[in-house]
Amino acid sequence: MALMNYSQAAAAALSEAMTADATVVALGEDLGRGGIFAQYRGLQQQFGADRVIDTPISEATIMGAAVGMALAGLRPVVEMRVVDFALCAMDELVNQAAKNRFMFGGQGRVPLVVRMPIGLWTASAAQHSQSLEAWFAHIPGLVVVAPAAPDDNYGLLASALESGDPVVYMEHKELWGVEGDVVPGSRVALGVARRLRDGGDVTIVTWSKAVPTCVAAATALSTAGIEADVIDLRTLWPWDREMVLASAARTGHLLVVHEAVQVGGFGAEIAAAAAEATGCRIRRLGAPRIPSGYSKPLEDESRVTADAIVGAVTTLLQR
Amino acid sequence: MHESATRLLALYRTMARIRAFENAAEIASQGGVAAWGLSTTTKPALVRGPLHLSTGQEAVAVGVCANLTRDDLLTSTHRGHGHTLAKGANVNRMMAELFGRATGTNKGKGGSMHIADFSVGMLGANGVVAAGMPIAVGAAHALKIRKRPEIVACFFGDGAVNRGPFLEALNWAVVYHLPVLFVCEDNRISATTPTGPMTGGAGASVRADSMGVPGAKVDGNDVEAVDAMAARLIAEVRGGGGPRFLHAVTYRFKGHVSVDPAAYRDQAEVVAALAFDPLLIARGALVRHGVALQAIEAVDHEAKTEIDAAMTQAEAAPWPEPAAAYTDIQNTGAGQWR
């Protein structure tokens, strides 16, 4: 067991994968100096500039080249800096990486992990703050992962690297410094959620930065006599229907919470699936459909708070 | 037969096979692509999807691919039958793919626009203009990292030079000194609009030169010229010289897709272009090399016979099972489709 922060945990998982498999390479802007969040710190010194590749500011070709690398025998890890920049590489990800295996009749595969940090990041305004996980969950061929804790970032990144599929890997920009125990060599299976708190009154499903907020809200609810079953989805596609639907059926009440804009968010998919399968009562809580503002009073309008979660649960149970 | 005549006859044979393939596919597509608004029959076409024919552009594919090994890699465009065939793909499986059959190169999952044969290094046609370029430089990058001797040939059209990935991919190839030959197959038209007025500056070659990718311009309808220039540039690439750029100027004889009569084009221009049919030019050269007309006609006949057989086989081939729609997508979460 080792105490690591969320960023160090990812660096450790990648370092171990690169040590074990000479075909694993990483490419992106500013990786040589450790990546802009230190999540690649030391890797270029350890593995050389041929395997931890500093690239031009060419997001489309970073992504497209990774597809070509994968087809020619490598297992690339792509760094997009922030999800907002990944939008410059949508054809390469959605039309090429995700479709390659199917449209060419299974002749090749694209083992590819695309890291694109999401989320509000103090005063980073409209183009550096988005949470666009729902976009990628919509695309056949892609796996979508959003870890919330250091041990999950370690274990999920290792699993993503081993999966052989194109994986959209979404770390959260305000979680890099969060510390926790990591078991070296551990794996977290893709598609398996994590129950953070047992409760029989309401199911709260969430992921990424909203996880600690939901846990805080659940603690507050508990003092008021409401026990929440808190589930960190961890993987958005494939998502853990079994754990979520069993919990929703048991509690009869489901709240889905995410930092992304609520309208058209992945929470809507979970809510609809739970409604079809269990008939439970449902509420969703996400950001309003507004761009993230720079000034704190504006930015705060996009934040999902523990108070708002408590309020949503209270309303859900009263209905 | 003299060595150069033997080589030219081999080049001609591949061009004749491509021409026969395109002509047959064109006929098989009639009645399809109803969306174009020209369908005159309710009989379903044997080739039901969009079919982008490379008729008239055969010399570019053939002249370049004649200088590639089976293990070299190639990325193509939406107009990719010629590249695929010239790289060595099996025509029966190619035609079956156009027909959407389970025996096709892509098991009927891709069709003409995504035709690929990874077994001969052909990494795929592509439905998006310029999209093969980043993939090509990535494949070349992998070959370099893996210290492999192969190279990548990256085909794209004149329309691609106006997309961002053109700039990014050329720059990438220079920055990492990659073993890639860029081939601009310049048919002078972007879908249905002439490329010239849509392009700033002097076009493809000058742009490549400005980015530090050396290259040359060649008559893309003269297969001997393409072959010679490709041989020189590919030797430089193989020798560790980094990326090279071949700008081959040709002409698209058909419409953007097979059911497009291309009425937007000046007919005088089309008629003039037909006089420079790359097969006619090659035939003339063969005669000058002393090859007998009967030998040339025999090649044409063999090509037609081969493609006729491919058509017959494709029509008789089985359709994919509906269950195949759920395979070759992803391993993680396979089975969870809703």
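Two residues are in contact if their C-beta atoms, placed from the backbone, lie within 7 Å. This is a predicted model: local features need pLDDT of at least 70, side-chain atom pairs count only at pLDDT 80 or more, and totals for chains, interfaces and linings use all residues. Residues are numbered from 1 along each chain as its sequence is written, while chains are lettered from A and ligands numbered from 1 in the order in which they are written.

**Exercise 1.** List what B:Val180 touches, leaving out residues up to four places away in sequence.

*Solution.* Start with B:Ala136, B:Val137 and B:Ala140, which are among the contacts. Add B:Ile151, B:Val152 and B:Cys154. Finish with B:Ala173, B:Val237 and B:Pro243.

**Exercise 2.** Why does A:Ile62 count as buried?

*Solution.* Take the cut-offs: 20 or more other C-beta atoms within 10 Å means buried, 12 or fewer exposed, and in between partly exposed. A:Ile62 has 30 C-beta neighbours inside 10 Å, so it counts as buried. Next, its contacts beyond four places in sequence: A:Leu27, A:Gly28, A:Thr55, A:Val78 and A:Ala89. Last, A:Glu29 lies 33 residues away in sequence, yet the C-alpha to C-alpha distance is 8.9 Å.

**Exercise 3.** Describe the side of chain B that touches chain A.

*Solution.* Count first: 39 residues of chain B contact 38 of chain A. Then find the largest share: helix 5 of chain B, with 10 residues (helices are DSSP runs of H or I, at least four residues, numbered from the N terminus). Now sort chain B's side: 19 nonpolar, 15 polar and five charged. Here Ala, Val, Leu, Ile, Met, Phe, Trp, Tyr, Cys and Pro are nonpolar, Asp, Glu, Lys and Arg charged, and the others, Gly among them, polar.
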